[in-house]
Amino acid sequence: MQNETLPGSGLSIGIIMDGNGRWAKKRGLPRTMGHKKGAEVFMDIGRYCSDIGVESVFFYAFSTENWIRPADEVSGIMRLFGEYLIKAFDYKKDNIRLKFLGDRSRLPAEYQARMQELEEGSADRTGMTLNICMNYGGRDEIAHAARTLAAKVQAGELRPEEIDVERMSGAMYTAGQKDPDFILRPSGEKRLSNFMLWQAAYSELIELDKLWPDFTRADLDAAIAEFNRRSRRFGGV
Ligand code: IPE
Ligand code: IPE
Ligand code: MG
């Protein structure tokens with residue numbers, strides 16, 4: 001049972017974890033150190049989201065475009081992700097369901113196996129769903145959904161005219177989850193950078209002039225307060 005009095009109750013939140021590189025640069029550190037600090041903040045905010053009753057949270061960790069970065073940065077991020085796969089994404093004691101969104105085929109086989117294990121091991125949890133968007137791209141996700149439905153048509157399981165918004169939503173990596181109520185982007189940038197393009201149709205956008213490694217629980221509280229002040233109309237009056 002979700003506690004209706006919690007500040008995050010029933011909310012779905014997307015978070016674009018941006019600004020790690022600038023955080024490191026400001027301190028004269030290699031960019032990888034910014035990713036390391038960013039990963040620690042991710043763990044803390046993920047746990048906090050669960051504590052305040054959030055329904056789903058989507059953390060953007062690595063985009064389908066991030067591969068164009070220098071090889072040492074990409075391998076640093078992948079190594080860090082691998083370490084978290086082994087030790088930190090372990091919510092065995094928590095009532096958290098873990099999901100990885102994105103194209104896994106480009107990740108090492110042992111990572112893919114561990115991701116599946118973590119998802120299957122937490123599938124029966126009834127609390128928050130914590131989504132990690134890894135090699136994720138909104139356009140890639142939509143293309144993936146189109147391929148899935150096209151294959152069904154080809155197999156004679158679906159007629160083209162049956163393809164509607166609901167079926168498309170059901171073919172996304174986020175199937176069954178609530179669209180983000182708001183998408184939070186620290187670091188001062190005001191763009192989606194290919195994050196949840198399909199699901200963001202009516203998400204409130206909240207940006208913040210602070211780099212992700214400096215992000216705190218109080219910043220999340222402030223973002224929720226800002227979201228609660230917004231007037232959502234979904235096309236109505
Ligand atoms: C976000 O921080 C992390 C990833 C994209 C993997 P950045 O690395 O983009 O940090 P900035 O934007 O360069 O400061
Ligand atoms: C978006 O940040 C991707 C992640 C936070 C994982 P980027 O830093 O890649 O976005 P751009 O390049 O500034 O648009
Ligand atoms: Mg960036």
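In the predicted model, an oxygen atom of ligand 1 is placed 2.8 Å from an N or O atom in the side chain of Asp 18, a polar contact being defined as a pair of N or O atoms within 3.5 Å, with the added requirements that, within protein, one atom must be able to donate a hydrogen and the other to accept it, and that residues adjacent in sequence count only if both atoms are side-chain atoms. A polar side-chain atom of Arg 69 is found 2.7 Å from an oxygen atom of ligand 1, and a polar backbone atom of Gly 19 is 3.3 Å from an oxygen atom of this ligand. The protein buries 87% of the 380 Å² that ligand 1 exposes when taken alone, accessible areas being computed by the Shrake-Rupley method with a 1.4 Å probe and, for residues, with only the protein chains shown as cover.

The model is predicted, and local features therefore need pLDDT of at least 70 and side-chain atom pairs pLDDT 80 or more, whereas totals for chains, interfaces and linings use all residues. Residues are numbered from 1 along each chain as its sequence is written, chains are lettered from A and ligands numbered from 1 in the order in which they are written, and side-chain values use heavy atoms, with hydrogens and water left out.

The shell around ligand 1 holds 13 residues, of which Asp 18, Gly 21, Arg 22, Arg 31 and Arg 69 come nearest, a residue being near a molecule or strand if one of its heavy atoms lies within 4 Å of it. By class, this shell comprises three nonpolar, five polar and five charged residues, where Ala, Val, Leu, Ile, Met, Phe, Trp, Tyr, Cys and Pro count as nonpolar, Asp, Glu, Lys and Arg as charged, and the others, Gly among them, as polar. Helices α1 (20–26), α2 (31–51) and α3 each supply at least two residues of the shell, and α1 gives the most, with three residues; helices (H or I, at least four residues) and strands (E, at least two) are DSSP runs numbered from the N terminus.

Ligand 2 is surrounded by Ile 16, Met 17, Asp 18, Tyr 60, Ala 61, Phe 62, Asn 66, Arg 69, Arg 185, Arg 191 and Ser 193, a set that divides into five nonpolar, two polar and four charged residues. Strand β2 (residues 56–63) gives the most to this shell, with three residues. Oxygen atoms of ligand 2 lie 2.6 Å from a polar side-chain atom of Ser 193, 3.2 Å from one of Asp 18 and 3.3 Å from one of Arg 185. Of the 390 Å² of accessible area that ligand 2 has on its own, the protein covers 78%.

Ser 193 belongs to the loop between β5 (182–185) and β6 (204–207) and has a positive phi of about 45° although it is not a glycine. Most residues other than glycine have a negative phi. Ser 193 is classed as partly exposed because its relative accessible area is 32%, the classes being buried under 20%, exposed over 50% and partly exposed in between (1.4 Å probe, protein chains only). A positive phi, near 50°, also occurs at Phe 234, in the segment after α7 (217–229).

Lys 92, in the loop between α3 (71–88) and β3 (97–101), counts as exposed because its relative accessibility is 63%.
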